[in-house]
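User: I have a structure to look through and I'm new to this. Can we go over it together?

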Amino acid sequence: MNPRRLFTETPPLRLFFRASLPGAVGMLASALWQLLDGIFVGRFLGDTAFAALNLAMPLVIINFSLADLIGVGASVPISISLGRKRDREADNIFTCACILIVLTGAALGAALFAGAPLFIRLMGAEGEFARLAVQYLRVSALCAPLTTIVFAVDNFLRICGKIRRSMVLNILMAVLISVLEFVFLHELRFGLWGAALATNTGMFVAALLALAPFWARKLQLRFCRPKFSRPMIRQIVTCGAPNFLNNIAGRLTSILMNVVLVRLGGESAVSVYGILMYVEGFIQPLLYGMCDSLQPAVGYNWGAGLRGRVRAIERCCFTAACIVSLVSAVCIAAFPSGITRMFMADADGAFLSMAGTALRLFALTYLTRWFSFATQSYMLAIEKSAPAAWISVSAALLFPVALVALLWPLGLTGLWLNFAGSSLLAGVLSVAVMLRMRRELSRPDAPLPDAAEGVLPSVPWNENPG
């Protein structure tokens, strides 16, 4: 089906299942290989390697953050331009975004490769612990120019209506990475660098396969002669800033947490924190997959002035995010020992006790996390980057840092409670953002999105435009 018809004519609930579920499955596959990454490293290479992996991971994710900024930042104006039937403008944004991703990946990768020993030392690691973390970080940094684009091309495929293709590529990438990592670590006995090499090899293959139909000019978005301009770059940065700030802020918080954990509990505390991050890395992609997969549809309809469809689509998104989050909270709280033993099969009683307490407190996070996550995605899709940025930075950095100081007297318990407290505060902020947004859109004189007037008529949210 033509992307315009898919996004602007399919009934909202059917559109949700058609677009969001494949996106969630694709992101679930991505989450599974990240989960297996931690399991393989913990079981095949031991506790020190597992702790080193988790110490380096925030810096590795920062390495991907610029690609995510550009990919998400370009996807919003591309979707809106297509909704306004400005195809050439959309092609130019797409082409320029791909070039920018490769260039920024090379620049940031070079900086991380050169500075890896210093960064890891500043985080408090020494000896073998530090050596392994530097090893993992440097392999990822070397591969950055060839791999970071995989985080953006996924969005571009969904904009073109190739939602199932995006899902299949994510599954293929997850399988390839998992197989390579098992072979490298278990069969060939590579060190921690082998885990990084497996991950980046899988990403590179997936990126090539994802870009192939664009090079063949078989999709709605096509490469063209790039025309860079300051307004276009500013628009990409503005729209991508909330996700970028969320990534950067989250990684800065992780670095701070690791620094504190090294001092309060040593490698064991860092490993427990790593388990929490892997659990989050399994749940968050589900939420992200559902909400992010609907962003092109929201952008199309917002650009076309169909506010009613935007509200109907977002109701599906909020409801699904709530269900996934609440089920996740119950599962984490009910099976802390099983989750811990997936990563540390030989964990002793003290470690199991620490991890069990951390996981039960961490489960509280998902009672409220869904609302701020869905609100941020909604704001991004309709180019309300300022409130989205406030939510992302507050949830990922401002609230956690404030709570580190506030809960300091509780020691490690205070750090485990940090996640739930930050999520609750982010939920309150998101409620305020949504109430303000509702007041703005309910005004009789509220304008349609810029340049959208006359494209398509606005319809009530519950009217079936299909």
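User: Which helix gives the most to the nonpolar patch?
Analyst: This is a predicted model, to start with. Helix α7 gives the most to the nonpolar patch, with five residues.

User: Which residues make that patch?
Analyst: The patch is made by Val 25, Phe 44, Ile 171, Val 175, Val 179, Phe 182, Val 183 and Leu 188, and covers about 580 Å² of surface. Helices α2 (12-45) and α7 (163-187) each supply at least two of its residues.

User: Where does Leu 188 sit?
Analyst: Leu 188 is in the loop between α7 and α8 (192-215). Leu 188 counts as partly exposed because its relative accessibility is 45%, and the partly exposed class runs between 20% and 50%.

User: OK, now the inside. Which residues touch the most other members of the largest nonpolar core?
Analyst: That core has 151 residues, and the ones touching the most other members are Ile 78, Ile 120, Phe 156, Phe 214, Leu 221, Phe 343 and Trp 416. Helix α9 (residues 230-293) gives the largest share of this core, 24 residues.

User: What is Leu 221 in contact with, apart from its neighbours in sequence?
Analyst: Leaving aside neighbours within four places in sequence, the contacts of Leu 221 include Ile 78, Phe 156 and Phe 214. Leu 82, Ala 90, Asp 91, Phe 94, Ile 159 and Cys 160 are also in contact with Leu 221.

User: Phe 156 came up twice. How many residues of helix α6 are buried?
Analyst: Nine of the ten residues of α6 (residues 150-159) are buried, so this helix is largely enclosed by the rest of the structure. Phe 156 is one of the buried residues, and among the others are Asp 154 and Arg 158. Just after α6, Gly 161 has a positive phi of about 85°.

User: Aren't those last two charged? What do Arg 158 and Asp 154 form?
Analyst: They form a salt bridge, with the closest N and O atoms 2.5 Å apart. Arg 158 and Asp 154 are four residues apart in helix α6, so about one helical turn separates them. Arg 158 is buried because its relative accessibility is 3%, and Asp 154 is buried because its relative accessible area is 11%. In general, side chains of opposite charge can pair when their charged atoms come close.

User: How many salt bridges are there?
Analyst: The count comes to two. Besides the pair in α6, Glu 128 forms a salt bridge with Arg 131, where the closest N and O atoms are 2.7 Å apart. Both lie in helix α5 (residues 127-147), three residues apart.

User: Are Glu 128 and Arg 131 buried or partly exposed?
Analyst: Glu 128 is partly exposed, with a relative accessible area of 42%. Arg 131 is partly exposed too, at 43%.

User: Different topic. Where is Ser 394, and is it buried or exposed?
Analyst: Ser 394 lies in helix α15 (residues 385-406). Ser 394 counts as buried because its relative accessibility is 4%.

User: What does its side chain reach?
Analyst: The side chain of Ser 394 reaches the backbone oxygen of Trp 390 at 2.7 Å. Not counting neighbours within four places in sequence, Ser 394 is in contact with Phe 399, Pro 400 and Leu 429.

User: Last one. What does Trp 370 touch?
Analyst: Trp 370 is in helix α14 (residues 369-381). Not counting residues up to four places away in sequence, Trp 370 touches Phe 318, Ala 321, Cys 322 and Ser 325. Trp 370 is buried, with a relative accessible area of 17%.

Definitions and conventions: Residues numbered from 1 in each chain as written. Predicted model: local features only at pLDDT ≥ 70, side-chain atom pairs only at ≥ 80, totals over all residues. Heavy atoms only, no water. Patch = residues over 30% accessible without salt bridge, like charges linked within 9 Å, V, L, I, M, F, W, Y side chains within 5 Å. Areas by Shrake-Rupley, 256 points an atom, 1.4 Å probe, with all protein chains shown as cover. Salt bridge = Lys/Arg side-chain N within 4 Å of Asp/Glu carboxyl O. Buried < 20%, exposed > 50% of the residue type's maximum accessible area, 1.4 Å probe, protein only. Contact = heavy atoms within 4.5 Å. Polar contact = N/O pair within 3.5 Å; in protein donor to acceptor, adjacent residues only side chain to side chain. Core = buried A, V, L, I, M, F, W, Y, C linked by side-chain atoms within 4.5 Å.
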